[in-house]
Amino acid sequence: MHTFKPTPIPGKEVILRLNDFIMKKIVIIPSFANSHILGQWIDNMVKSIQPTHIIINESLFPNGPENKGHVTNKWFWEEYTHHNKGEVGFDFEKTLEIRNQKRLQYPSLKIYIDSIVHNKIHPDECFLHAISHGLSAIDVERGDIIFPLESDAFLLESDFEVIQREIEQLQPGHGLKCL
């Protein structure tokens, strides 16, 4: 039975290895008009999880949290979506700008942003699509960890060691207990 052992490198960064395999830590979120917290959120993920990849799926959930059915699509699209198309938030250009800034700040972190259109109407199906879309752009291998989170989920940076210890103890097919 192999277990993952941390290999410390300067700056408190931890890379988990199993023989020659380097584990990827992939954080994936659905997002809609979140540029107001995106920069701080990425910083928080770096300090608490140290992901190797972040995937941000920008999209509007039809009949979902942004629209409880009492708002007309036309009004909402004109007010809150980029170019009134109803696909991504009005602040999509700012979101891309933040991604570019964070790529410079964290050169080893791969940050992807994609806009997706949900063909399914039910919010639960939209959410599942939004936390899995984009993984094909990454060579996901057995042993990699995927953190599907909400875009407003901040983790305690002081829990870094706890999170790393839980990751080291993971067994195939099991999830984290501390999150």
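Q: Two strands pair if DSSP finds at least two bridges between them. Which residue in β7 stands opposite Lys25?
A: In this predicted model, strand β4 covers residues 25–31. It pairs with β7 in the parallel sense, over four bridges. Opposite Lys25, in β7, stands Ile145.

Q: Which are the edge strands of the sheet?
A: The open sheet is formed by four strands in the order β6-β5-β4-β7, with parallel pairing. From one strand to the next, the twist averages 15 degrees. An edge strand pairs on one side only, and this holds for β6 (110–115) and β7 (145–148).

Q: At about what angle does α3 run to β6?
A: Helix α3 spans residues 92–105. It lies across two strands, β5 (53–58) and β6. Its angle to β6 is about 165 degrees.

Q: How is α1 oriented relative to α3, roughly parallel or roughly antiparallel?
A: Helix α1 (residues 35–48) packs on α3 with the axes 9 Å apart and at an angle of about 20 degrees. Angles under 35 degrees count as roughly parallel. Therefore α1 is, relative to α3, roughly parallel.

Q: How many residues of the contact of α1 with α3 are charged?
A: The crossing of the two helices, α1 and α3, is right-handed. On α1 the contact is made by Ser35, Leu38, Gly39, Ile42 and Asp43, and on α3 by Lys94, Thr95, Ile98, Lys102 and Gln105. Three of these residues are nonpolar and four are polar, and the number of charged ones is three.

Q: Where in the protein chain is confidence lowest?
A: The chain averages a pLDDT of 76, and 75% of the residues score at least 70. Confidence is highest in α3, at 94, and lowest, at a mean of 35, in strand β1 (residues 5–9). Over residues 1–19 the pLDDT is below 50, although this stretch has 40 contacts in the model beyond near neighbours in sequence. The element with the lowest confidence is β1.

Definitions and conventions
Residues are numbered from 1 along each chain as its sequence is written. This is a predicted model: local features need pLDDT of at least 70, side-chain atom pairs count only at pLDDT 80 or more; totals for chains, interfaces and linings use all residues. Side-chain values use heavy atoms; hydrogens and water are left out. Axes are lines fitted to C-alpha atoms, for helices over the stretch in contact, and angles run from 0 to 180 degrees between N-to-C directions. Angles under 35 degrees count as roughly parallel, over 145 as roughly antiparallel, 65 to 115 as roughly perpendicular and the rest as oblique. A crossing is left-handed if the near helix is turned anticlockwise from the far one by less than a right angle, and right-handed if clockwise. Contact means heavy atoms within 4.5 Å. Ala, Val, Leu, Ile, Met, Phe, Trp, Tyr, Cys and Pro count as nonpolar, Asp, Glu, Lys and Arg as charged, and the others, Gly among them, as polar. pLDDT is the predictor's confidence in each residue, from 0 to 100.
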